[in-house]
Amino acid sequence: MSGLAKALRSAGFPGVEEEGGRVFARLISADVEFSGAEGPEGWDLAISRPVRASPTQMADWAARHPGAALDIHQGETRLCGRVAAGDRDGLLHWAALAEEMVVACLHWRRGQRSRGEGM
């Protein structure tokens, strides 16, 4: 088991699994997965949501979260981050940012949908 997988389990993240050199886990058990990989400079983490944030929304996010920029990857809004290997507090901080990003994406998606359209 990789150091990242062990750290995620130890920090209480549910659904931790490894596949093909990547680690997958969840912020909460009912949410979609995020992924991570061990690199020479630490743990690289990413989570995507099925909404395309506008440039204005991404700029507003960046102004409120310096160093935690969003991008669009494969048509979805994505948050990437790097945490120093072994930094449990860093993992928990990244998880809080990711949770805030999930909430923002839900809000943005609701603003984009047509009346009567589901999520």
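This is a short talk on the sheet, one helix, three single residues and the largest pocket of a predicted model.

I'll start with the sheet. Six strands make up an open sheet, and the order across it is E1-E2-E3-E4-E6-E5. The pairing is antiparallel. At the edges are strand E1, residues 17–19, and strand E5, residues 70–73, each of which pairs on one side only. From one strand to the next, the twist averages 30°.

Let me go across the sheet, beginning at the E1 edge. E1 runs antiparallel to strand E2, residues 22–26, and three bridges join the two. One residue pair to look at here is glutamate 17, whose bridge partner in E2 is phenylalanine 24. Please keep Phe24 in mind, since it is also in the lining of the largest pocket.

Next is E2 with E3. These two run antiparallel and are joined by four bridges. They form a hairpin, with six residues between the strands. Arginine 26 has glutamate 33 in E3 as its bridge partner.

Then E3 with E4. Here there are five bridges, again in the antiparallel sense. This pair is also a hairpin, with two residues between the strands. Two pairs can be picked out on the screen: serine 35 stands opposite alanine 46 in E4, and glycine 36 has leucine 45 in E4 as its bridge partner.

How much of E4 is buried? Six of its eight residues are, so the strand is mostly covered, with buried taken as under 20% relative accessible area. On its other pairing, E4 meets E6 in the antiparallel sense over seven bridges. Isoleucine 47 has leucine 79 in E6 as its bridge partner.

That leaves E5 and E6. Four bridges join them, and they run antiparallel. Aspartate 71 stands opposite arginine 78 in E6. The two strands form a hairpin with two residues between them.

The turn of that hairpin deserves a moment. Which residue there has a positive phi? It is glutamine 74, at about 55°. Most residues other than glycine have a negative phi. Glutamine 74 has the positive value although it is not a glycine. Its place is in the loop between E5 and E6. Glutamine 74 counts as exposed because its relative accessibility is 73%, and the cut-off for exposed is over 50%.

Now the helix. Helix H3, residues 88–112, lies across four of the strands, namely E3, E4, E5 and E6. Relative to E6, H3 runs at about 170°.

Two residues in this part of the chain are worth a look. The loop between E6 and H3 holds glycine 86. Is glycine 86 buried or exposed? It is exposed, with a relative accessible area of 61%. Glycine 86 and alanine 7 are 79 residues apart along the chain, and their C-alpha atoms are separated by 6.8 Å.

The other residue is histidine 107, which lies in helix H3. At 57% relative accessibility, histidine 107 also counts as exposed. From histidine 107 to valine 51 the distance is 9.9 Å, C-alpha to C-alpha, with their positions 56 residues apart in sequence.

Last, the largest pocket. How much space lies in it? About 170 Å³. Its lining consists of Phe24, Glu33, Phe34, Ser35, Ala46, Ile47, Ser48, His73, Gln74, Glu76 and Arg78. By kind, these residues divide into four nonpolar, four polar and three charged.

Which elements give two or more residues to that lining? They are strand E3, residues 33–39, strand E4, residues 42–49, and strand E6, residues 76–83.

Several residues from the walk across the sheet come back in this lining. Phe24, the bridge partner of glutamate 17, is one of the lining residues. Glu33, the partner of arginine 26, is in the lining too. Ser35 and Ala46, which stand opposite each other, both line the pocket. So does Ile47, whose bridge partner is leucine 79. Arg78, opposite aspartate 71, is also on the list. And Gln74, the turn residue with the positive phi, belongs to the lining as well.

To close on the sheet: the model is predicted, and its six strands are in the order E1-E2-E3-E4-E6-E5, with H3 lying across E3, E4, E5 and E6.

Conventions:
Residues numbered from 1 in each chain as written. Predicted model: local features only at pLDDT ≥ 70, side-chain atom pairs only at ≥ 80, totals over all residues. Heavy atoms only, no water. 1 Å grid on protein atoms, 1.4 Å probe; cavity = no way out; pocket = protein on both sides within 12 Å on 5 of 7 lines; lining within 4 Å. Points joined across faces, edges and corners; volume = space filled by probe spheres on them. Nonpolar A, V, L, I, M, F, W, Y, C, P; charged D, E, K, R; others polar. Pairing = 2+ DSSP bridges. Axes fitted to C-alpha atoms, helices over the stretch in contact; angles between N-to-C directions. Contact = heavy atoms within 4.5 Å. Buried < 20%, exposed > 50% of the residue type's maximum accessible area, 1.4 Å probe, protein only.
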